[in-house]
Amino acid sequence: MKTLKTILVLALAALVPAYPVRAQDKEPLKLEFPAPTLKGTPEDLPKGSNYDPPPTNGTSSILIPKAAKNVALGKPVTSSVKPFTGEVDQVTDGQKGAFDYDTVEMKKGAQWIQVDLGATYELHALAMWHDHRYIQAYRGVVVQVSNDPEFKDKTTLFNNDTENSVGQGVGTDRQYFETHFGKVIDGKATKARYIRCYTNGSSNSALNCWQELEVYALPTQ
């Protein structure tokens, strides 16, 4: 027969949420970086309190489960318009060098790419490289995830679009500079199958470019 103490312990345990990943099962995100561009840093980079300075290393403060993998590798990609340089599937082909042949270019204006992970995953970190052939600030960067391919129901993980230029609301995240270290976004353990990423040009060009998107995640239970 269970004692009153045992009953109370079991009752309290039932009230505590069960987390699938413990803190000790996590580690800092470690990325494989491409070689840096051979072009020098331009003198006329935009400045202001809303810009993060160009990173000096690729250290990330984001912790991910040790078992998390890049589940975007090789997954199908669609886009708002057909690229005029490259193919959209290059966004998940694992190649992210600062070369013309590794870069997908789309026309100016608000555009997006969308990756279908093939199943619902628990997202822990997203790393993206738009175009690090040149050090530049990308604008209108919005990253959303959903289990609906049409994104009628969605979660926004990042938005630095201070002018609502892509029509997804005014963002409060800071502008950042494209380098070979990429940009890492916290997935916040959000469960989703589809990733949609918007851009609207950069400080260097009105065109929209992509080199790679990596999504570090775990299968959902």
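Let's start with one small detail: a polar atom in the side chain of glutamine 175 lies 2.5 Å from the backbone oxygen of asparagine 160. That counts as a polar contact (a pair of N or O atoms within 3.5 Å; within protein, one must be able to donate a hydrogen and the other to accept it, and residues adjacent in sequence count only if both atoms are side-chain atoms). Keep in mind that this is a predicted model, where local features need pLDDT of at least 70 and side-chain atom pairs count only at pLDDT 80 or more, while totals for chains, interfaces and linings use all residues. Residues are numbered from 1 along each chain as its sequence is written, and side-chain values use heavy atoms, with hydrogens and water left out.

**The chain overall**

- The chain has one helix and eleven strands; these are DSSP runs numbered from the N terminus (helices are H or I, at least four residues; strands are E, at least two).
- Reading from the N terminus, the order is α-β-β-β-β-β-β-β-β-β-β-β.
- Of the 221 residues in the chain, 46% are buried, where buried means under 20% relative accessible area, exposed means over 50%, and partly exposed is in between (1.4 Å probe, protein chains only).
- The accessible surface of the chain is about 11,800 Å², and carbon and sulfur atoms account for 54% of that; the areas come from the Shrake-Rupley method with a 1.4 Å probe, and for residues only the protein chains shown count as cover.
- Take the contacts (heavy atoms within 4.5 Å) between residues at least 6 apart in sequence: 79% of them join residues at least 24 apart.

**Around glutamine 175**

- Back to glutamine 175: you'll find this residue in the loop between β8 and β9.
- Glutamine 175 is buried, at a relative accessible area of 5%.
- If you skip residues up to four places away in sequence, glutamine 175 touches Asn50, Tyr51, Asp52, Tyr138, Arg139, Asn160 and Thr162.

**Strand β7 and its partners**

- Strand β7 covers residues 142-146, and five of the five are buried, so this strand is largely enclosed by the rest of the structure.
- In a regular strand, side chains alternate between the two faces of the sheet.
- In β7 both faces are covered: Val142, Gln144 and Ser146 are buried on one side, and Val143 and Val145 are buried on the other.
- β7 runs antiparallel to β8 (residues 155-159), and four bridges join them; two strands pair if DSSP finds at least two bridges between them.
- β7 also runs antiparallel to β9 (residues 183-199), this time with five bridges.
- Look at valine 145 to see both pairings: threonine 155 stands opposite in β8, and isoleucine 195 is the bridge partner in β9.

**Nonpolar cores and two tryptophans**

- A nonpolar core is a set of buried Ala, Val, Leu, Ile, Met, Phe, Trp, Tyr and Cys residues joined through side-chain atoms within 4.5 Å.
- The largest one has 31 residues, and Ile113, Leu117, Leu123, Ile195, Trp210, Leu213 and Val215 have the most contacts inside it.
- Elements giving two or more residues to this core are β5 (104-106), β6, β7, β8, β9, β10 (208-210) and β11 (212-219).
- β6 gives the most to this core, with seven residues.
- Another core, of ten residues, lies apart from this one and includes Leu31, Ala68, Trp129 and Leu218.
- Tryptophan 210 has contacts beyond four places in sequence, including Val91, Val104, Ile113, Trp129 and Cys197.
- Tryptophan 112 sits in β6 (residues 111-129), and its C-alpha atom is 5.6 Å from that of serine 79, although the two are 33 residues apart along the chain.

**Aromatic pairs**

- There are three aromatic pairs, counted when rings of Phe, Tyr and Trp (its six-membered ring) have centres within 6.5 Å; planes under 30 degrees apart are stacked, over 60 edge-to-face, and the rest tilted.
- Phenylalanine 33 and phenylalanine 181 have ring centres 5.2 Å apart and planes at 90°, so they are edge-to-face.
- These two are 148 residues apart, with phenylalanine 33 in the loop between β1 (26-28) and β2 (63-65) and phenylalanine 181 in the loop between β8 and β9.
- Phenylalanine 33 is partly exposed at 32% relative accessibility, whereas phenylalanine 181 is buried at 15%.
- Phenylalanine 158 and tyrosine 176 have ring centres 6.1 Å apart and planes at 75°, so this pair is edge-to-face too.
- Phenylalanine 158 is buried at 7% relative accessible area, and tyrosine 176 is buried at 4%.
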